[in-house]
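Me: Please look closely at a single part of this structure, and take me through it residue by residue where you can. I would like one connected account rather than a list.

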Amino acid sequence: MKASELRIGNMVFSKTSKCLQAVQCLPGINIDDFEPVKLTEEILLEYGFNKKRILFEKNGIELFNISDLYFRGQHPIKIDLKYLHQLQNVFFSLSGKELK
């Protein structure tokens, strides 16, 4: 994970406090103190995605196999994701809303 990938409010794992934490300030973040949060079924459900047969869906954004995001619109796109902060950033870019 690079500091340039983060936005204020992105969720990361703090190595010092051993818990999930929202990024509070940029720049000046010591990236070595944090780890990215891997996407899991539990994380997707916690952030409001609905599980359907083979996918998760929220606001027209669909995820297949946890890490393959498809945005349905006039021209569907596929984005490979591994971490929660990546999903938060893409979700905001595509929907204009924060992922909560």
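**The hairpin and its surroundings**

Reply: Asn50 has Glu57 as its bridge partner in S5. The model is a predicted one, in which local features need pLDDT of at least 70 and side-chain atom pairs count only at pLDDT 80 or more, while totals for chains, interfaces and linings use all residues. Residues are numbered from 1 along each chain as its sequence is written, and side-chain values use heavy atoms, with hydrogens and water left out.

S4 and S5 run antiparallel and are joined by three bridges; strands here are DSSP runs of E with at least two residues, helices are runs of H or I with at least four, both numbered from the N terminus, and two strands pair if DSSP finds at least two bridges between them. On its other pairing, S5 is joined antiparallel to strand S6 (residues 61-64) by four bridges, and Phe56 has Leu63 as its bridge partner in S6. Two residues lie between the strands of this S5 and S6 hairpin, where Asn59 takes a positive phi near 50°.

Along strand S5 (residues 55-58), Leu55 and Glu57 point one way and Phe56 and Lys58 the other, yet all are buried, meaning under 20% relative accessible area with a 1.4 Å probe and protein chains only, where exposed is over 50% and partly exposed lies in between.

Just before S4 (50-52), in the loop that follows helix H1 (41-46), lies Phe49, which is linked as an aromatic pair to Phe91 in helix H2 (residues 84-95), 42 residues apart. The pair is edge-to-face, with 6.3 Å centre to centre and 70° between the planes; rings of Phe, Tyr and Trp (its six-membered ring) pair if their centres lie within 6.5 Å, and planes under 30 degrees apart count as stacked, over 60 as edge-to-face and the rest as tilted. Both Phe49 and Phe91 are buried.
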